[in-house]
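Visitor: I'm new to this one, and I'd rather see one part properly than everything in a rush. Could you pick a spot and give me a close look?

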Amino acid sequence: MRFGVLGPLSIESPPGHWPALRGEHQRTLLAMLLLEADRPVPADRLVDALWPDGPPKSYTSNLHTYISRLRSRIEGLRVDHSARGYRLRAGPDELDLLAFRAEAALGREAARAGDPAAAAKHFRQALAQWRGPVLSGLHIPLLDAEIARLESERLAVFEDCVDAELSTGRHGELTGELQAMITEHPLRERLAAQLMIALHRAGRQADALTVYRGLRATLIDELGVEPGAEARRVHAAVLRGEDPVPQGLTVAAPPVWPLCQLPPDIADFAGREAELAKLAALISGDGADVPVTVITGEPGAGKSTLAVRAAHLLRASYPDGQLYVPLAGAAAPRELGDVLTDLLRALGVTGPAIPGDLQARAAVYRGRLADRRVLVVLDDAADPEHVRALLPGTPGCAVVVTSRRRLSGLAGARRLSLGPLSASDASSLLRRLAGAERVGGQQADAERIAVACGFLPLALRIAGSRLAVRPQLRLGLLADRLEDEARRLDELTVSDLRVRGSIALSYAALSPAAQRAFRRLGGCRGHDLPHWAAVTLIAGSSDDADEAIEELIEASLLQPAGADPGGEPRYRMHDLVRVFAAEQGVKLESHAERVASIRGVADAALCLADAAAARLPRTVPMPAPARPLPAQPLPPELVERLLARPEAWFAAERANLVTAIGTFCAVGWREDALLLLEKLSTYVYLDGHYADLCSASEVLHRAAVEAGDQHCAALATATLSLLRHSNGQYEDAVTGYRACAKDLESLGDRPAQAWTEANLAHCLTGLGRADEALDAAGRAHELFTVDGDEAGLEWVQRAQSAALHRLGRVAEALDVDRATLALAKRAGDTRRIGVALQGFSWSLQLTGNPGDAAEAIDESVRLLRHTTAKSALAKSLRTQGAIHAGLGARGEAVAAFKGALDLARQLDERPRELSCTRALAASWIGEGRAAQAIPVLLECLAEFRTMGGRAATNLTWQVLVRAHEMTGNTEAAAVARREAERLRDPRDASASVLEKALLTLTEPR
């Protein structure tokens, strides 16, 4: 597999085969992913590129489809999806852009090592990757700036190459190439200087001087400026008859200087003039070494703030740059290898030029800083080892380290111990935070606050921030609270857990009730918490819980996260804060207390999920477990309000419920996890969130296997098999169904065994193994009959009907569907009637009653449109399309197939999406667009083959026969015809009728 973007977009996969992508959108999508190869591209950025004038309503499903088509079209394509976006995985041997950058990096390394010949070789190999302008022939407005940057990158590599080749004496060969480049880039001073050198060394001094005069005239005319220092230096050397470039020239590194990584200076910084002056003196040193200054002090003293302020003030003294390295020593110290990698990238070292060995990375880092004036700020170091590898090696640079520890083992370091603020500086900080007029009007109380805070900057900042966000709070009231020694540590304190000083300080400022609430909320791993869950976790009265929640928000330990569609307020706790809260819970509360807290919200969630599922139609083909529910701890009126729109409740809580299943499994509550999974599946299966159902089922399956829980493992396997079935992984699904049915039979779970056998029957029919399907359906029918499960009987009878269609026993199938419809009508359920009418209509079609079939399927679609059963509606629409196509009603057929396709994409039901796509491609043939239909049909064919659907593959070959005939490709048509005949099952009445319908669509309009 090989991709090219340095020129026209090109694809070679497999070797010797260059697939052509159909449509501008696919080429645009691939180009976006390739230009960011091995880096995630946010979905929003892809959408902006695909639809610059605004995306369609279905852009999410469209994007998913385009990605799927790229994967199927390009053999070996690796595109991963995560929360950060889509990432195309490729290496330098697969993408010319990466090869270009890798060779250029090797060239620069060789140049730095003093080997210009090797450098020139690598640079030429890099430039050879270019076949023309980036993505020529494909205009993507969003990439204009990136393409311009790449062109500049190419020009810089060319100039580096010329420097290397000049060092090897190839000046005579370079003059023509340089003259052509200057014609294209007349303002490029480096090119002009290189041409002057080449001409001078070739004995053409006059021509070299002419180049300078031309450059100077162009710069003055175009920009009104004189040539730069390098061009003037070369010009002067030529005038003197000297070699402009001294021996030992090495290629310049990419221009990364000056570089400033400092975070913004704090606008409300106050005081510390004496400390800033001392720090500046320590940093400056005597010039004989690299001064290393460690700022130490108690938590909350403002070490990081002071370091950043000093670095900004000293920028002029370090003109090459200022590096800022957050080491996170107080929480989770960063790996030195990762830190050095980030630093090297910032310093222009990328790709293969970054060594794998830690010591080698440190050496390259020191090499990049050699003989430069750079200030390095290492913030929040954990220990001396965290610092040593990040110290520059030559004088000129300086280092400022902040740490909660003294770092006594750091030899040669100077130290600045940071204490509290002065009284005047503390007052100034409060004025800046709470407002000068407000503090000035209550100056005595402000001074009391400063004294009570011990003049500690972080404590003052907390006090000032509280005053700022609560304009009604009197300074005297806050001062009273702080002056009460019994509660001062509840208001403001420096925690003994120094690594978590800032969180501990805020935690200690809470009232006992809020601290308890904080600990309880920290024990829940939800994505964001609804108000009812927060109140249940806190386990107090609603008023007390509300007061605690407000206090946590006031302390910024809990963030409001808006309201869900049902109007329920939601809250979010940062992960690090949640971890701290959970640790405090372990320290201060018994295991029984913590379990009881989680048990309460678990019971509430289970009962809410059960009640919400009961208000939705049950479409998932698995039995509802007959397990008792715990008592609902929430009041009935709250439950009713929350579940007024059950789908909206599930949508808001879906991520939390999936997380809860994992939590239940972790603490051994597998039966609860299974129960919650079943309730969640009612919504998930209805709305097509199969990925959530899959991840939750996998977690449950792993937990059950580890615990030796055969029954739970079998039920999880049944759900996973169902999901594979829905995604077209028929063979894997059959294997799972068979193993699961066997286990369930041995365990005596007859209802679950019946549903699994029925699902197996449906899956076997999709594979074209109708005889086996009838056997499985017979076993399921017997079990459902014994249990009196009418919904199960309807489901298995649909499988029996489909299998009988495959065997050509259409009269028997019609009788089965008529019985199924009677069952549904007796139940009086609109959805079940609509589903039954779908099967009945197709049997009518197969028995030669197209008029009655059309009437039945139209009624099915009408009924299902008034339900939330999207998957059933998609199936009925597809059947409606086939029946109307058989009647010659092209417009109605195409509209039905399009509707079914849209729903299938929303639900990620790939087999149905493919069958509808095939039908629409057939209609394109009838519209004279056979050439456009062929690649789409070939994509469908490839996926149907992978799935193992014999009938689906046969039908696709049949449509391809007609497409090739319409384009005059008789040889391809003959091949398709032979394949279709090989797969044809003469017994399959369903495939025969569907084939006629599809071929009717291919007839010219």
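Guide: Let's start with a word you'll need: a residue is buried if its relative accessible area is under 20%, exposed if over 50%, and partly exposed in between (1.4 Å probe, protein chains only). By that yardstick, buried residues make up 53% of the 1005 in this protein chain. Do keep in mind that this is a predicted model, where local features need pLDDT of at least 70 and side-chain atom pairs count only at pLDDT 80 or more, while totals for chains, interfaces and linings use all residues. Residues are numbered from 1 along each chain as its sequence is written, and side-chain values use heavy atoms, with hydrogens and water left out.

To get your bearings, picture a box of roughly 100 × 90 × 50 Å along the principal axes, filled by the C-alpha atoms of the chain. The chain has 46 helices and 13 strands, both being DSSP runs numbered from the N terminus (H or I and at least four residues for a helix, E and at least two for a strand).

The spot I've picked is the largest cavity. A cavity is a set of points on a 1 Å grid over the protein atoms alone where a 1.4 Å probe fits but cannot get out, and its lining residues have an atom within 4 Å of a point. Searching the whole structure turns up one cavity of 30 Å³ or more. The largest cavity holds about 50 Å³ of space, where volume is the space filled by probe spheres set on grid points joined across faces, edges and corners.

Who lines the largest cavity? Thr-65, Arg-69, Arg-910, Glu-913, Leu-914, Thr-917, Val-936, Glu-939 and Cys-940 do. Three helices each supply at least two residues of that lining: α3 (59–73), α42 (910–926) and α43 (930–947). The biggest share, four residues, comes from α42.

Now step out of the cavity and look at what leads into α42. Asp-908 is found in the loop between α41 (890–907) and α42. Asp-908 has a positive phi of about 60° although it is not a glycine. That catches the eye, because most residues other than glycine have a negative phi. With a relative accessibility of 29%, Asp-908 counts as partly exposed.

Another loop has a residue with a positive phi too. Leu-135, also not a glycine, takes a positive phi of about 50°, and its place is the loop between α5 (116–127) and α6 (144–167). Leu-135, however, is buried, with a relative accessible area of 2%.

Back to α43, one of the lining helices. Arg-945 lies in it and counts as partly exposed, at 48% relative accessibility. For a sense of scale, the C-alpha atoms of Arg-945 and Gly-172 are separated by 61 Å, with their positions 773 residues apart along the chain.

After all those helices, here's a sheet for contrast. Three strands form an open sheet in the order β11-β13-β12, with antiparallel pairing. The edge strands, β11 (529–530) and β12 (559–563), have a single partner each, so one side of each is left without a neighbour in the sheet. Two strands pair if DSSP finds at least two bridges between them, and β12 is joined to β13 (residues 569–572) by three bridges, the two strands running antiparallel. You can trace that yourself: Gln-559 stands opposite Arg-572 in β13, and Ala-563 stands opposite Pro-569. The hairpin of β12 and β13 has five residues between the strands, and there Gly-567 takes a positive phi near 85°.

One last stop: the cysteines. A disulfide is a pair of cysteine sulfur atoms within 2.5 Å, and by this rule the count is zero. Take Cys-694, which is in no disulfide: the nearest cysteine sulfur, that of Cys-665, is 14 Å away. Cys-694 is partly exposed, with a relative accessible area of 24%. And why is Cys-763 without a bond to Cys-740? The sulfur of Cys-740 is the closest cysteine sulfur to that of Cys-763, but at 13 Å it is too far for a bond. Cys-763 is buried, with a relative accessible area of 0%.

Terms used. 1 Å grid on protein atoms, 1.4 Å probe; cavity = no way out; pocket = protein on both sides within 12 Å on 5 of 7 lines; lining within 4 Å.
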